[in-house]
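Trainee: Could we go through this one together? I'd like to know what stands behind each label we use.

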Amino acid sequence: MAGKTNYFLTTPIYYVNDKPHIGHAYTTILADVLARFHRTVGDDVFFLTGLDEHGLKVQQAADQRGISPQKHCDEMAPRFTDLWNKLHIKYDDFIRTTEKRHEQVVQGILNSVHKNGDIYFDEYAGLYCVGCERFYTEKELIEGKCPQHNKPLETITEKNYFFKMSKYQQKLIDYIKNHPEFIQPKHRKNEILGFLRQPLDDLCISRPKSRLNWGIELPFDKDYVTYVWFDALINYVTAPGYSTDDDKFDKWWPAIHLIGKDILMTHAVYWPTMLFSAGIPQPKTIFAHGWWLSGESKMSKSIGNVVNPLDLIDKYGVDPLRYYLMREMVLGQDASFTSESFIKRYNSDLANDFGNLFSRVSTLIEKNFDGIIPESGNSTVEELNIQKSAKAVMKHVNSLIEKMKINEAIEEILQFVRGINRYMEQQAPWKLVKTDKSAAATVLYTAAESLRISALLLQPVMPNRTKIILDTLDVDNCNLKWGLLKAGNSIKKHQPMFPRIKFDIEEDSQKVQYNKSDIQDNIVTYSDFKKVELKTALVIEAEKVDGADRLLKLKIEVGDEKRQIVARIAEHYQAEDLIGKMIVTVANLEPTTIREIESNGMLLAAKKGKKLSLIIIDSEKVASGAKIF
Ligand code: MSP
């Protein structure tokens, strides 16, 4: 990255009503990593994120809670800001669309677009669902009915304001063709150009207050509020000071917008045409990344497979999560999130490679040089090669980051780390120290300096743990030049940095089974369902399984029959509390052996996140052995 530049980077502003999940966390971590990389090379960085707070859903949620929409937003916003703090996201501005500064800019832009003659008032006839309070297009209906309420829709005629998006269609096509860096990656650009082959409709940009009043009032008609997307997109110019602070705006605009592919259309069609009309230059780049899938399926609240970043932070730590998300996704393509791939990636890259290099270097220096980084003697061809590859890795990493190839940049660094581990094995300084202490010192200095450079390169991805490594080496500057590690510095005591994660086979086999159940294929016929015999069962004995923290062994009575089952519920229930409870069991499940104990059946429980509850039947009403249907 040559020369110092102004680098303005944005994430989408997230719906305040949503519970933050791994998808939101991904875009925000990606922006944070890019921002940190650019800061380390001396660029001036402005990293913007925030919340989208207007619209019907927010109004409805607030109504349901019996509070004002603003209070609702204020109470919901910390779910995002707290998570960003936890994930060490260092943004420069956090915008909320309900802020006064934003309202003013939205109204200013609406006024100028209106004055341009690009807004007109017209009657609109559409299919409206009273239950949802929204219009549906024919395509969205299921058998002609509302997909949410399964009820016929009313044809409503409503007067609204429209933005002449169609007027800018050709200008947009030309702009996209003339600016190859505008929509990225290339296949997304082609998707938009394909879409623009059809005539573009104008965009309805208002909602009558009689139907929705949680929005920014139109400056030219107080009976209407602004359509939420027209409002939200403008955040990108509000924050850098459009129309309020010209110097600031000139410094930062145009932006690089990072978005998910789900919101490409609004960013690559609505937004540029709005900017054309308002006379504001286009963003530099709109970069759409792919989706994180849960296993092989799309994450969705209704399926219940949404990955919660807080659970992962608790389980594995912030830096490993950041590392995994950045290493595993090829920008622009979808990636699959599974515990299995997380643990594999962590164990191979962080525990075996990077963590191992750190432990070896620090332990050997402690043991053989009283914890003082030794002076390097004369470099042999091996050391000179390492110095060369250190220089090459720095250069490659910079150019890969420029091209947004973060996963490849990380892989470059890890290749370098693996090379140093190999060098250590070949040179074996633990043996060398007995015969040639000065040669051992050269090897350890070279390895420690390589570790410093790797930690500095990985710092944007894992700011915390690399800081501990750099502190351990007593490093006080971020210069990547070879040879700046000071001999004579003392190595500080440290905790193991990336302890291996034990692979939990039981949990993993459950995950794999879950992921394989493709959502489209999960319909079973009634006759299939009837094959499963669900019966009530009385727990007559219960005890913990020796040596297995999570298992309970239960004796149950299913009608006249007595059985034994092993269940993974010891973290949720005390054995003695279960005795006398009427539970539900799958009575015709093939017997199996768990930890050498026979398990004859399976009990039913509900599980979400870390919480689990057994399905318990009122034993006063039905006896054991009753059929569940
Ligand atoms: N409020 C709008 C954006 C307005 S921007 C002017 C919105 N918000 S959202 O809360 O739904 O967030 C959408 C963004 O979250 C996506 O574009 C993407 O950045 C991120 N993700 C949400 N789910 C995702 C995955 N499963 N995988 C990766 N990222 C996804 O749309």
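Mentor: Let's take the helix pair, then the ligand, then the sheet, bearing in mind that this is a predicted model.

Trainee: Why are H14 and H17 called roughly parallel to each other?

Mentor: Helix H14 (residues 381-402) and helix H17 (residues 437-458) pack at an angle of about 5°. Angles under 35 degrees count as roughly parallel, so the label fits. Their axes are 11 Å apart.

Trainee: Which residues in H14 meet which in H17?

Mentor: On the H14 side you have Glu383, Ile386, Ala390, Val393, Met394 and Val397, and they meet Thr442, Val443, Thr446, Ser450, Ile453 and Leu457 in H17. By class, that contact has eight nonpolar, three polar and one charged residues.

Trainee: What makes the pair between aspartate 52 and the ligand a polar contact?

Mentor: An N or O atom in the side chain of aspartate 52 is 2.7 Å from a nitrogen atom of the ligand. The cut-off is 3.5 Å for a pair of N or O atoms, so this pair qualifies. A polar side-chain atom of histidine 24 sits 3.3 Å from a ligand oxygen atom, and a polar backbone atom of isoleucine 13 is 2.8 Å from a ligand nitrogen atom.

Trainee: How do you know that S10 and S11 pair?

Mentor: S10 and strand S11 (residues 221-226) share two bridges, in the antiparallel sense. At least two bridges are needed, so they count as paired. Glutamate 217 stands opposite valine 225 in S11.

Trainee: And what makes S9 and S10 edge strands?

Mentor: The open sheet runs S9-S11-S10, and S9 and S10 each pair on one side only.

Conventions: Residues are numbered from 1 along each chain as its sequence is written. This is a predicted model: local features need pLDDT of at least 70, side-chain atom pairs count only at pLDDT 80 or more; totals for chains, interfaces and linings use all residues. Side-chain values use heavy atoms; hydrogens and water are left out. Helices (H or I, at least four residues) and strands (E, at least two) are DSSP runs, numbered from the N terminus. Axes are lines fitted to C-alpha atoms, for helices over the stretch in contact, and angles run from 0 to 180 degrees between N-to-C directions. Contact means heavy atoms within 4.5 Å. Ala, Val, Leu, Ile, Met, Phe, Trp, Tyr, Cys and Pro count as nonpolar, Asp, Glu, Lys and Arg as charged, and the others, Gly among them, as polar. A polar contact is a pair of N or O atoms within 3.5 Å; within protein, one must be able to donate a hydrogen and the other to accept it, and residues adjacent in sequence count only if both atoms are side-chain atoms.
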